[in-house]
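Trainee: I have a structure open and should like to go through it with you. May I start with the aromatic residues?

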Amino acid sequence: MQDIVIYGAGGFGREIACLLNAINKITPQWNLIGFIDDGVTVGTGNQFGKVLGDLVFLNNCPSQLAVIISVANSAILQKLASSITNPNIYFPNIIAPNVNIFDPESFSIGKGNLIFFGCRVSCDVVIGDFNLLNGAVSLGHDVKLGNYNVIGPSTRLSGECVVGNQNFFGVRAVVLQGLKIGNQTRIGATSVIMRNTKDLSLYHGNPAKKIQL
């Protein structure tokens, strides 16, 4: 089994620990040795393990170690990932046992991704790095997903959607077929996107409209 730490000791970190346990029940793979957290005292723990240290501790780790980042904020996720410079650290993809990948041969995925329980991934899907797909997310055929995207539970990205980087999709958001979501776009819960979005913008409603901030 491979040693792994979770970066973030909060509730989301505990959820990831549950995911690792579910994977290990099918095929023993991950030995969770603890958590990394920049704001929690070393030695503080929960039912899954204790905080071992912070970013400095991680960058000084002398041996190979897997890290999964438990952050649901795109900008912070990218900042943390780029701050880990230790060559001994690697970022596996953590995929729940019941994720339905229609065609593994046409499925492409980068590193550091989290795909939670009940997700559905159609054929010819491409996923970049450090994306979070929360429970029951659906990716239609030919979807292309960039990096550092946070996708809330039960979100639906229809076929041939193209998504850039650092976007946030609220719970049960829907993007219709063939549309493009650029970069740093926020989509509110239950919103339905019916046309291409603009970068650095917030959308909400059904049909979704751009919200002036």
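Trainee: How many aromatic pairs does a search of the whole structure find?
Mentor: The search finds 4 aromatic pairs. Please keep in mind that this is a predicted model.

Trainee: What is the geometry of the pair Phe-116 and Phe-117?
Mentor: The ring centres of Phe-116 and Phe-117 lie 6.4 Å apart and the planes stand at 65°, so this pair is edge-to-face. A plane angle over 60 degrees counts as edge-to-face.

Trainee: And which residues form one aromatic cluster?
Mentor: The cluster consists of Phe-12, Phe-116 and Phe-117.

Trainee: Is Phe-116 buried or exposed?
Mentor: Phe-116 has a relative accessibility of 5% and therefore counts as buried. Phe-117, with a relative accessible area of 34%, is partly exposed.

Trainee: Turning to the interior, which residues of the largest nonpolar core touch the most other members?
Mentor: They are Ile-94, Leu-114, Leu-139, Leu-157 and Phe-169, in a core of 45 residues. At least two residues of this core come from each of several elements, including β1 (2-7), β2 (30-36) and β5 (65-69). Helix α1 gives the most, with 6 residues. Apart from this core lies another one, of 17 residues, with Tyr-7, Val-67, Ile-69 and Ala-81 among them.

Trainee: What is Ile-94 in contact with, leaving aside neighbours within four places in sequence?
Mentor: Its contacts are Ile-4, Leu-19, Leu-20, Ile-23, Trp-30, Ile-68, Asn-113, Leu-114 and Ile-115.

Trainee: Now the strands. What is the order in the open sheet of 5 strands?
Mentor: The order is β9-β12-β15-β18-β21, and the pairing is parallel. Strands β9 (108-109) and β21 (180-181) are the edges, each pairing on one side only.

Trainee: How many bridges join β15 to β18?
Mentor: There are 2 bridges between β15 (residues 144-145) and β18 (residues 162-163). In one of the pairings, Lys-144 has Val-162 in β18 as its bridge partner.

Trainee: One last residue: where is Asn-131 found?
Mentor: Asn-131 sits in the loop between β12 (126-127) and β13 (132-133).

Trainee: Why does Asn-131 count as buried?
Mentor: Its relative accessibility is 1%, and buried means under 20%.

Trainee: What does the side chain of Asn-131 reach?
Mentor: The side chain reaches the backbone oxygen of Gly-146 at 2.8 Å. Not counting residues up to four places away in sequence, Asn-131 touches Gly-112, Asn-113, Leu-114, Leu-145, Gly-146, Asn-147, Tyr-148 and Asn-149.

Notes:
Residues are numbered from 1 along each chain as its sequence is written. This is a predicted model: local features need pLDDT of at least 70, side-chain atom pairs count only at pLDDT 80 or more; totals for chains, interfaces and linings use all residues. Side-chain values use heavy atoms; hydrogens and water are left out. Helices (H or I, at least four residues) and strands (E, at least two) are DSSP runs, numbered from the N terminus. Buried means under 20% relative accessible area, exposed over 50%, partly exposed in between (1.4 Å probe, protein chains only). A polar contact is a pair of N or O atoms within 3.5 Å; within protein, one must be able to donate a hydrogen and the other to accept it, and residues adjacent in sequence count only if both atoms are side-chain atoms. Contact means heavy atoms within 4.5 Å. Two strands pair if DSSP finds at least two bridges between them. Rings of Phe, Tyr and Trp (its six-membered ring) pair if their centres lie within 6.5 Å; planes under 30 degrees apart count as stacked, over 60 as edge-to-face and the rest as tilted. A nonpolar core is a set of buried Ala, Val, Leu, Ile, Met, Phe, Trp, Tyr and Cys residues joined through side-chain atoms within 4.5 Å.
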